[in-house]
Amino acid sequence: VLAWFLVADRLLANRTLALVAAGLLAIDVRLARFAADGRMDALCALLGVTGLAVFLLLRTRSPRVAALAGHAGVVLSVLTHPCGIVYVLDLVMLQVLLDGWRPTCERWFWLLSPYAVFGAAFGAWALQDWASFVRQFGGNISGIAGEFSGAERFGGLTRPWAALLQEMEDRYLRSFGGWAALAVLWTYAASLVWTLVRPAMRTDSRIRLLLKLAGIHLTFFWLFEGLKLTNYLVHLLPIGATLAVLAGRDFLGARPRARIAFVAIVVVLQVTAAFQELRRGNLRTTYLPVVDLLRRHPGLTITGPAELAFAVGFEGALRDHPRLGFYSGRRPDLFITNGWQRDWLERADKREPAVARAIRRKLKSEFREIYRNSDYVVWKRVAGSSGGAAFRPAPWRFPAPSTAVPALVTGVLPRAVKENRL
């Protein structure tokens with residue numbers, strides 16, 4: 001929030017507007033939820049926005065230091081999560097438009113140095129266990145979450161209009177649940193439209209910069225993020241809040257009381273949305289009861305969704321294998337599914353019928369259901385059916401790093417990911 005305040009302050013040259021936008025962002029329950037869910041998205045956004053803020057703060061004092069520090073921030077964002085690419089595009093756009101950036105050897109040096117240094121450090125870390133890194137990274141590139149959702153990572157490039165509809169339905173409408181949150185969403189959407197159709201705003205050089213940032217982010221997540229995960233809203237909410245403040249000021253004109261009333265209404269909507277989110281209480285009604293059950297069954301091996309590791313530990317008996325050991329042979333004592341994994345099993349009936357049949361057969365003959373709520377189902381292995389076998393990764397060796405790039409091209413990596421399915 002603080003980093004975005006600095007960015008908005010420098011872009012708009014209006015500290016009051018930047019402060020109000022940051023305030024609306026600070027009370028946004030979706031931002032708090034995405035920051036608390038254990039994923040890397042909030043850290044990716046923090047590093048990216050910090051890189052933009054540092055560049056904007058230092059560009060008039062020391063262009064070299066500004067470029068070096070700014071690109072250091074955005075490359076760390078990329079290494080945290082590939083969605084950080086949007087901040088690289090943001091920074092390059094700001095350099096070109098604000099400073100008339102022209103490529104010279106010296107400027108290329110200051111621009112590329114952070115990528116070389118941090119890229120080398122990242123590569124050294126990956127080489128400590130190259131095969132595991134490639135399996136993990138390659139699995140995500142191929143869209144492993146798409147197995148659960150039925151989407152494709154880059155599906156927006158081949159079906160852009162279908163991706164746009166899916167973007168609206170899955171990323172926005174699904175995340176902004178409840179009437180108050182929907183009102184906030186429509187406020188942000190109307191603010192973007194108002195800013196685009198108003199000549200006085202559209203021709204303002206500072207507002208145009210913000211609109212270009214919005215264009216980069218909206219286009220990237222529309223076309224290049226086919227899974228339409230709501231977690232990535234953390235990269236879009238700051239722009240939405242800022243556009244709402246700008247549009248509200250322009251729409252209400254020179255009427256201070258009306259402007260204050262507009263901000264107050266948005267604040268009330270945000271707070272109401274937070275209370276509606278808390279009232280649904282998914283953590284209290286679905287997650288914590290499963291955690292309590294697991295604590296009453298210590299010492300058992302578990303196959304289940306990764307979020308349970310926050311309760312039972314990341315180095316313990318939990319493995320996240322929706323295929324129930326079909327390839328690895330692992331035989332857990334407890335098998336736990338959430339809604340995503342049950343959707344995966346339904347899709348596996350067509351995509352991997354042998355795996356789906358094996359899972360259903362095991363659940364029928366080797367397990368019994370001991371708990372169910374609106375999200376999780378817990379099965380326990382029945383007495384007399386041997387379980388608890390130690391997990392062993394599939395014995396497959398990836399080529400040396402020198403052949404990794406050719407492997408990506410020739411298809412070795414996709415086959416490796418498939419052969420190591422668990």
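This report describes one internal cavity and one helix pair in a predicted model.

Residues are numbered from 1 along each chain as its sequence is written. In this predicted model, local features need pLDDT of at least 70, side-chain atom pairs count only at pLDDT 80 or more, and totals for chains, interfaces and linings use all residues.

**Cavity.** There is one cavity of 30 Å³ or more; a cavity is a set of points on a 1 Å grid over the protein atoms alone where a 1.4 Å probe fits but cannot get out. The largest cavity holds about 30 Å³ of space, a volume being the space filled by probe spheres set on the points. Its lining (residues with an atom within 4 Å of a point) includes Val29, Arg30, Ser175, Glu277 and Arg280. Helix H3 (29-36) and helix H16 (256-280) are the elements that give two or more residues to this lining.

**Helix pair.** Helix H12 (residues 179-197) packs with helix H15 (residues 237-252) at about 60°, their axes lying 8 Å apart. H12 is therefore oblique to H15, where oblique covers angles that are not under 35 degrees, over 145 or from 65 to 115. The contact (heavy atoms within 4.5 Å) involves, among others, Tyr188, Leu192 and Trp194 of H12 and Leu237, Leu243 and Phe251 of H15.

The residue classes are tabulated below; Ala, Val, Leu, Ile, Met, Phe, Trp, Tyr, Cys and Pro count as nonpolar, Asp, Glu, Lys and Arg as charged, and the others as polar.

| Site | Nonpolar | Polar | Charged |
|---|---|---|---|
| Lining of the largest cavity | three residues | two residues | four residues |
| Contact of H12 with H15 | nine residues | four residues | one residue |

Notes
Heavy atoms only, no water. 1 Å grid on protein atoms, 1.4 Å probe; cavity = no way out; pocket = protein on both sides within 12 Å on 5 of 7 lines; lining within 4 Å. Helix = DSSP H or I, 4+ residues; strand = E, 2+ residues; numbered from the N terminus. Axes fitted to C-alpha atoms, helices over the stretch in contact; angles between N-to-C directions.
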